[in-house]
Every structure is written in structure tokens, then in C-alpha cells.
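Colleague: I am new to this structure and would be grateful for a close look at a single part of it. Could you take the nonpolar patch on the surface and then describe what lies around it in the sequence?

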Amino acid sequence: MDMCGYVCICKYNICIYIPYVFTSLFSQLAKDWWSRQDYLVPDLLAAGIGVNIYDGINGFICNFIGQEMWTNQLSWTHQNDFLAAPREIWMVDDIIAGYRQSAFNLSMITVNNAGHMVWMCGVVWCDNMML
């Protein structure tokens, strides 16, 4: 899969689809590693930008429970729709890859067989999160 246009903010395990290559974004975020970036998510959602919040189910320090807590507290137009959305089993090649809860342009994904560094865990279905 061509990942051009996707920007992953690894600190918060957020993937954002940007329909053009914006190479300076990551370098700017990397300079600001220790500050919070989650407050940006409601503005991205309001602008219609697709956001995936993801984590591995085996994460210890940065785990899916923390991701769920702050995602459930986001203040945005479709928050009630997101909270009411069912958590669905996410299948890839007839294997349970994890679980996904989605509404409008926000998805929260918990990936099986991965820790908080999902993309570095060698889990073969990570690219499927972007489909």
C-alpha cells in the first residue's frame, strides 16, 4: 500500500490522512515530543480529516485503555455518535486483527499481537488499518 499522504504521530498513535505530501509536519512534531498533541484532534475532525487512534492490545506503558479514555472524552460534533458506535471485530484474511470503533471520520483501533509500537511489531495487517 502506498503510504504517501498518511502522517503517523507515534507519540499518540494517531494516523491522519492528508491528501498531499506535507513532509515538514513530522519534523515539526518530532521537535515537540514531550508536549501534548491530542488537543489538535477535535480541530482535525471538524475539518473533515480522517483520524485513526490506534494501539496494540499488548501495550503496557502506552496502552489501549488510555487511548480509549482520552478518545471517549474528545469534544467534537459527532462524539455522541462515536460513543454509541459498536466496537466491531476487525478481520484481515480470516484472522481477528483487532477491534475497531468508528463514527464519521474518527476510528479507534486496537490491534491484536502488538504493543504500543504497532507499526514496528511486524504485524502484517497494520497497512489494512488505512483502508
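Modeller: In this predicted model, a nonpolar patch on the surface is formed by Ile-89, Met-91 and Ile-96. Together these three residues offer about 270 Å² of accessible area. One of them, Met-91, belongs to strand β4, which covers residues 88-92. Its relative accessible area is 44%; because this value falls between the limits of 20% and 50%, Met-91 is classed as partly exposed.

Strand β5 spans residues 95-103, and Ile-95 is found in it. Ile-95 has a relative accessibility of 42%, so it also counts as partly exposed. In sequence, Ile-95 and Asn-112 are 17 residues apart, while in space their C-alpha atoms are separated by 9.9 Å.

A charged side chain and an aromatic ring also deserve attention here. Arg-100 lies over the face of Trp-90, and the distance to the ring centre is 5.3 Å. As for pairs between aromatic rings, the count comes to zero; a pair would require ring centres within 6.5 Å.

Further along the chain, Phe-104 is found in the loop between β5 and β6, the latter being residues 106-111. The phi angle of Phe-104 is near 50°, which is a positive value in a residue other than glycine. With a relative accessibility of 60%, Phe-104 counts as exposed, because the limit for that class is over 50%.

A second positive phi angle belongs to Asn-113, where the value is near 60°, again in a residue other than glycine. Asn-113 lies in the segment after β6. Its relative accessible area is 55%, so Asn-113 is exposed.

For a contrast with these accessible positions, one may turn to Thr-71. This residue is found in helix α3, which is made up of residues 64-72. At 0% relative accessibility, Thr-71 counts as buried, because that class takes in values under 20%. Leaving aside residues up to four places away in sequence, Thr-71 touches Ile-53, Gln-79, Phe-82, Leu-106 and Met-108. Among these partners, Leu-106 and Met-108 fall within the residue range of β6, 106-111.

To return to the part you asked about, the patch consists of Ile-89, Met-91 and Ile-96, with Met-91 partly exposed in its strand. Thr-71, by contrast, is buried.

Key:
Residues numbered from 1 in each chain as written. Predicted model: local features only at pLDDT ≥ 70, side-chain atom pairs only at ≥ 80, totals over all residues. Heavy atoms only, no water. Helix = DSSP H or I, 4+ residues; strand = E, 2+ residues; numbered from the N terminus. Buried < 20%, exposed > 50% of the residue type's maximum accessible area, 1.4 Å probe, protein only. Contact = heavy atoms within 4.5 Å. Patch = residues over 30% accessible without salt bridge, like charges linked within 9 Å, V, L, I, M, F, W, Y side chains within 5 Å. Areas by Shrake-Rupley, 256 points an atom, 1.4 Å probe, with all protein chains shown as cover. Salt bridge = Lys/Arg side-chain N within 4 Å of Asp/Glu carboxyl O. Phe/Tyr/Trp six-rings, centres within 6.5 Å; stacked < 30°, edge-to-face > 60°. Lys NZ or Arg CZ within 6 Å of the ring centre and 35° of its normal.
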